[in-house]
Amino acid sequence: MNYRDIITIEPGKRGGKPCVRGLRITVYEVLEYLASEMTEAEILDDFPDLTREDLKACIAYAADRERRFMAASLPA
């Protein structure tokens, strides 16, 4: 799964924050739900437009962003 096929960034939508498939649901919101101990099933029930793959894409996006941040922070 390539999160780049799922996570979109549109300047005029949600202030340019990364969203799921052009929906108005941000990666941050999904990660916040997961961090608050909502289960995958609870999130999918509350947001029927989301899929299990969308949730995984949010996690993959966050992991890649962290990896890129750490790589940029390393001394040359």
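**D54 and the helices around it**

Colleague: In which helix is D54 found?

Modeller: This is a predicted model. In it, the residue in question, D54, belongs to helix 3.

Colleague: Is D54 buried or exposed?

Modeller: A residue counts as buried under 20% relative accessible area. For D54 that area is 2%, so D54 is buried.

Colleague: With which residues is D54 in contact, leaving aside its neighbours within four places in sequence?

Modeller: Contact requires heavy atoms within 4.5 Å. With neighbours within four places in sequence left aside, the contacts of D54 are I6, V20, R21 and D49.

Colleague: Which residues of helix 3 are buried, and what covers them?

Modeller: The buried residues of helix 3 are D54, L55, A57, C58, Y61 and D64. Their cover includes strand 1, strand 2, helix 1 and helix 2.

Colleague: How many Å should helix 3 span, and how far apart are its end C-alpha atoms?

Modeller: Helix 3 has 22 residues, and a span of 32 Å is expected at 1.5 Å a residue. The expected span agrees with the model, in which the end C-alpha atoms of helix 3 are 32 Å apart.

Colleague: Which residues of helix 1 are buried, and why are they on the same side?

Modeller: Helix 1 covers residues 27-35, and its buried residues there are V27, E29 and V30. They are on the same side of helix 1 because they cover an arc of only 165 degrees around the axis.

Colleague: Which residues are exposed on the other side of helix 1, and what covers its buried residues?

Modeller: On the other side of helix 1, the exposed residues are Y28 and A35. The cover over the buried residues of helix 1 includes strand 1 (7-8), strand 2 (19-20) and helix 3 (52-73).

Colleague: What phi does E37 take just after helix 1?

Modeller: E37 follows just after helix 1, and its phi is positive. The value is about 75 degrees.

Colleague: What pattern does the protein follow along the sequence?

Modeller: The secondary structure consists of 3 helices and 2 strands. Read along the sequence, their pattern is β-β-α-α-α.

Colleague: What percentage of the residues of the protein count as buried?

Modeller: The protein has 76 residues, and its exposed area is about 5,200 Å², with 55% of that area supplied by carbon and sulfur atoms. Of the residues, the share that counts as buried is 28%.

Colleague: How far apart are the centres of the positive and negative side chains?

Modeller: The protein has 11 positive and 14 negative side chains. The distance between the centres of the two sets is 8 Å.

Methods
Residues are numbered from 1 along each chain as its sequence is written. This is a predicted model: local features need pLDDT of at least 70, side-chain atom pairs count only at pLDDT 80 or more; totals for chains, interfaces and linings use all residues. Side-chain values use heavy atoms; hydrogens and water are left out. Buried means under 20% relative accessible area, exposed over 50%, partly exposed in between (1.4 Å probe, protein chains only). Helices (H or I, at least four residues) and strands (E, at least two) are DSSP runs, numbered from the N terminus. The arc is that of the directions from the helix axis to the C-beta atoms. Accessible areas come from the Shrake-Rupley method with a 1.4 Å probe; for residues, only the protein chains shown count as cover. Lys and Arg count as positive and Asp and Glu as negative; His and the chain ends are not counted. The place of a charge is taken as NZ of Lys, CZ of Arg, CG of Asp or CD of Glu. The expected span of a helix is 1.5 Å times one less than its number of residues.
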